[in-house]
Each structure stands twice: as C-alpha cells, then as structure tokens.
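Reader: Please take me through one part of this model slowly, starting from a single loop position and then working outward to its surroundings. I would rather have a careful account in connected prose than a list of values.

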Amino acid sequence: MTPQWHFVRPKPGDKNREPILGEFFATNAISNPAEALVREGIQNSLDAGLGGLVRIRIYVSGETGGLSPTSSAVYFDGARPHIDAQGNGHDAPTPNDPCPFLTFEDFGTSGLTGDVTQWHDQPGVANLFYYFVRAESQSGKGDQDRGRWGVRKTV
C-alpha cells in the first residue's frame with residue numbers, strides 16, 4: 001500500500017481551530033530551539049525505557065543529506081494542494097526541492113504501545129499510541145512522569 005495524505009473536509013458545526021500550542025516552541029519564544037527539541041524528545045524515551053540503557057539518535061540531514069525530489073515524492077502524495085495553498089503559514093518547498101529531514105530514534109524502549117484502533121480517550125486504558133498520534137495536549141502519564149503534557153509531537 002502506498003502512503004497518501006487524506007484531509008477531512010470541514011462540516012457545518014465543526015469548530016474553526018487555530019491551535020496556539022506551537023507558539024510555545026516558536027524560535028522567538030525559546031532561547032535555544034535545539035535544546036527544546038532534545039529536552040522534549042528524550043522525555044518520552046526515558047519514560048518508555050525497558051530498565052536498561054536507553055540510546056537516542058538524532059540526525060539532521062541538512063540540504064546535502066536531504067532526500068531527492070524523486071525519493072521524497074511518496075511522502076507528499078495528496079498533500080501538495082495543501083502545501084501550496086495560499087495562507088498556509090509556511091514557505092512551501094517546490095516539488096523540485098530536496099527534502100531535508102530530521103530523525104529522532106530511540107533504542108531500548110517499549111515504543112508507542114497500545115491499541116492503534118482506539119480513537120477516543122478511555123480512562124484507565126494505557127495507550128501511548130493514542131495519546132501521541134490522536135490526542136492533543138492530553139497524556140495518559142502520571143504526575144511523576146516526564147513528557148506528561150502531550151507536546152512532543154508539536155516540538
């Protein structure tokens with residue numbers, strides 16, 4: 001199966017949302033964006049440690065290590081009209097630009113565990129996958145856990 005972007009069309013009655021969570025991590029709101037990325041990124045990895053050493057690898061491709069337009073095209077299938085839309089708030093790359101990327105990998109962790117078919121919060125059900133992929137500013141973590149505000153994906 002080839003991955004493809006799908007966008008839900010707004011319906012009457014839907015809220016018009018413009019979340020501000022990303023503003024907490026805008027470059028003018030924090031003194032060191034790289035420090036914020038590392039701090040927020042490692043919190044969940046450390047919480048998901050399996051009891052031994054947790055290893056984290058952060059890779060920034062830069063322009064020279066970016067994917068070629070041919071290689072990256074599959075990741076943008078169906079998204080191009082939204083990327084190029086007027087007023088999207090970003091300087092959109094063209095389809096002919098290389099695609100720089102960042103990877104944040106952790107090893108020695110449990111990963112995102114949980115039921116991938118869960119679509120709503122279910123109190124008492126531990127589902128890290130749900131909270132990371134489908135929830136915004138929610139977390140199933142306790143007061144003593146790191147990364148309990150649910151903002152890593154925003155960072």
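From one loop position outward

Author: A73 is partly exposed, with a relative accessible area of 43%, and this value, like the others below, comes from a predicted model. The residue is classed this way because 43% falls between the 20% under which a residue counts as buried and the 50% over which it counts as exposed. Its place in the chain is the loop that runs between helix 3 (69-72) and helix 4 (80-83). Although A73 and C99 are separated by 26 residues in sequence, their C-alpha atoms are 9.2 Å apart in space.

It helps to set that loop within the whole chain. The protein has five helices and two strands, and from the N terminus on these elements follow the order α-β-α-α-α-β-α. Of its 155 residues, 18% count as buried, and the area it exposes is about 11700 Å², of which carbon and sulfur atoms supply 55%. When contacts between residues at least 6 apart in sequence are considered, 59% of them join residues at least 24 apart.

Helix 1 shows how elements of this chain meet. It covers residues 33-47, which makes 15 residues, and reaches 22 Å from its first C-alpha to its last, close to the 21 Å expected at 1.5 Å a residue. Its buried residues are A36, E40, G41, Q43, N44 and S45, and these pack against strand 1 (55-60) and strand 2 (102-107). When reading such a list, it is useful to recall that an α-helix has 3.6 residues a turn, so residues three or four places apart point the same way. Turning to a contact between a charge and a ring, the charged end of R55 sits over the ring of F107, 4.4 Å from its centre.

A second loop, the one between strand 2 and helix 5 (128-133), holds N127. Unlike the partly exposed A73, N127 is buried, with a relative accessible area of 2%. A polar atom of its side chain lies 2.9 Å from the backbone nitrogen of Y130. Leaving aside residues up to four places away in sequence, N127 touches T113, G114, D115 and Q118.

Aromatic rings bring us back to Y130 by another route. With ring centres required to lie within 6.5 Å of each other, the count comes to three aromatic pairs. One of them is formed by W5 and F7, which are stacked, with 5.9 Å centre to centre and 10° between the planes. Both partners are partly exposed, W5 at 45% relative accessibility and F7 with a relative accessible area of 39%. Another pair joins Y130 and Y131, whose arrangement is edge-to-face, at 5.0 Å centre to centre with 70° between the planes. Here Y130 is buried, with a relative accessible area of 5%, and Y131 also counts as buried, at 12% relative accessibility. The two tyrosines are classed as buried because their values are under 20%.

A further charge over a ring completes the account: the charged end of R134 sits over the ring of W119, 3.7 Å from its centre.

Key
Residues numbered from 1 in each chain as written. Predicted model: local features only at pLDDT ≥ 70, side-chain atom pairs only at ≥ 80, totals over all residues. Heavy atoms only, no water. Helix = DSSP H or I, 4+ residues; strand = E, 2+ residues; numbered from the N terminus. Buried < 20%, exposed > 50% of the residue type's maximum accessible area, 1.4 Å probe, protein only. Contact = heavy atoms within 4.5 Å. Areas by Shrake-Rupley, 256 points an atom, 1.4 Å probe, with all protein chains shown as cover. Phe/Tyr/Trp six-rings, centres within 6.5 Å; stacked < 30°, edge-to-face > 60°. Lys NZ or Arg CZ within 6 Å of the ring centre and 35° of its normal. Expected span 1.5 Å × (residues − 1). Polar contact = N/O pair within 3.5 Å; in protein donor to acceptor, adjacent residues only side chain to side chain.
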